[in-house]
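Colleague: I'd like a close look at one part of this protein: the place where two strands sit side by side, and what lies around them. Could you walk me through that, informally?

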Amino acid sequence: GGGGGGGGGGNLVAGSAIVETYFQHNKGTGTGIVVRESLDPAGMPMFTLAEVREGGAGQLAHLRRGDVIIGLDGALAEELSMAQVAAALDGAVGRPVLLRVRRDPRPGEIRSR
């Protein structure tokens with residue numbers, strides 16, 4: 001069996017998208033991403049990709065600067081510490097990690113109806 005579990009997932013900005021991707025790297029290239037921890041308006045921890053290096057594992061997983069991590073291998077990001085997020089990403093050597101990110105529209109990017 002096993003039920004689902006909805007889950008909050010914070011406030012979505014109009015036009016934002018949820019992107020699921022498998023993130024994996026090898027020791028030589030490293031993760032290729034820099035994650036910054038901050039607090040969202042509700043005071044919950046928020047993990048944002050501050051940097052996605054050219055040719056790195058993050059770019060290969062189609063991650064973008066500004067993406068907000070909302071889930072990591074089935075766990076909600078708001079339940080994790082920065083150390084747990086870093087350990088999961090660093091540990092993705094040869095073992096893909098399922099990453100869910102929220103991608104907000106870029107400034108000036110307007111979706112037509």
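Modeller: Let's start with one pair of residues: valine 35 stands opposite leucine 49, which belongs to β3. Keep in mind that this is a predicted model. The pair sits where β2 and β3 run antiparallel, joined by seven bridges. You'll find β2 at residues 33-39 and β3 at 45-52. These two strands form a hairpin with five residues between them, and in that hairpin glycine 43 takes a positive phi near 85°.

On to the next neighbour. β3 is also joined to β4, again antiparallel, here by two bridges. Within that pairing, threonine 48 stands opposite valine 68 of β4. As a general point, side chains in a regular strand alternate between the two faces of the sheet.

Stepping back for a moment, the protein has six strands and two helices, and from the N terminus on their order is β-β-β-α-β-β-α-β. Among the contacts with a separation of 6 or more, 61% are between residues 24 or more positions apart.

Now for what the strands help to build. The largest nonpolar core has 19 residues, and those touching the most other members are Phe23, Leu63, Ile69, Leu89 and Leu99. At least two residues of this core come from each of β1, β2, β3, β4, α2 and β6, so both strands of our hairpin are represented, as is β4. The element that gives the most is β6, with three residues. Leucine 99 shows how the pieces meet: leaving aside residues up to four places away in sequence, leucine 99 touches Val19, Glu20, Thr21, Phe23, Leu63, Ile69, Gly71, Leu72 and Leu89. Over the protein as a whole, buried residues make up 30% of the 113 residues, and of the roughly 7100 Å² that is exposed, carbon and sulfur atoms supply 51%.

Strand β6 also holds a charged residue, arginine 102. Arginine 102 counts as buried because its relative accessibility is 12%, under the 20% cut-off. Its side chain makes a polar contact of 3.1 Å with the side chain of aspartate 104.

Back at the start of the hairpin, look at the loop that leads from β1 into β2, which is where histidine 25 is placed. Histidine 25 is buried too, since its relative accessible area is 9%. A polar atom of its side chain lies 3.1 Å from the backbone oxygen of leucine 89, and leucine 89 is one of the core residues named above. Beyond four places in sequence, histidine 25 touches residues that include Gly30, Thr31, Ala57 and Leu89.

Two more spots are worth a look on either side of β4. In the loop between α1 and β4 you'll find histidine 62, with a positive phi of about 65° although it is not a glycine. Histidine 62 is exposed, because its relative accessible area is 61%. In the loop between β4 and β5 sits aspartate 73, another non-glycine with a positive phi, this one about 50°. Aspartate 73 is partly exposed, with a relative accessible area of 39%.

How values were computed. Residues numbered from 1 in each chain as written. Predicted model: local features only at pLDDT ≥ 70, side-chain atom pairs only at ≥ 80, totals over all residues. Heavy atoms only, no water. Helix = DSSP H or I, 4+ residues; strand = E, 2+ residues; numbered from the N terminus. Buried < 20%, exposed > 50% of the residue type's maximum accessible area, 1.4 Å probe, protein only. Polar contact = N/O pair within 3.5 Å; in protein donor to acceptor, adjacent residues only side chain to side chain. Contact = heavy atoms within 4.5 Å. Areas by Shrake-Rupley, 256 points an atom, 1.4 Å probe, with all protein chains shown as cover. Core = buried A, V, L, I, M, F, W, Y, C linked by side-chain atoms within 4.5 Å. Pairing = 2+ DSSP bridges.
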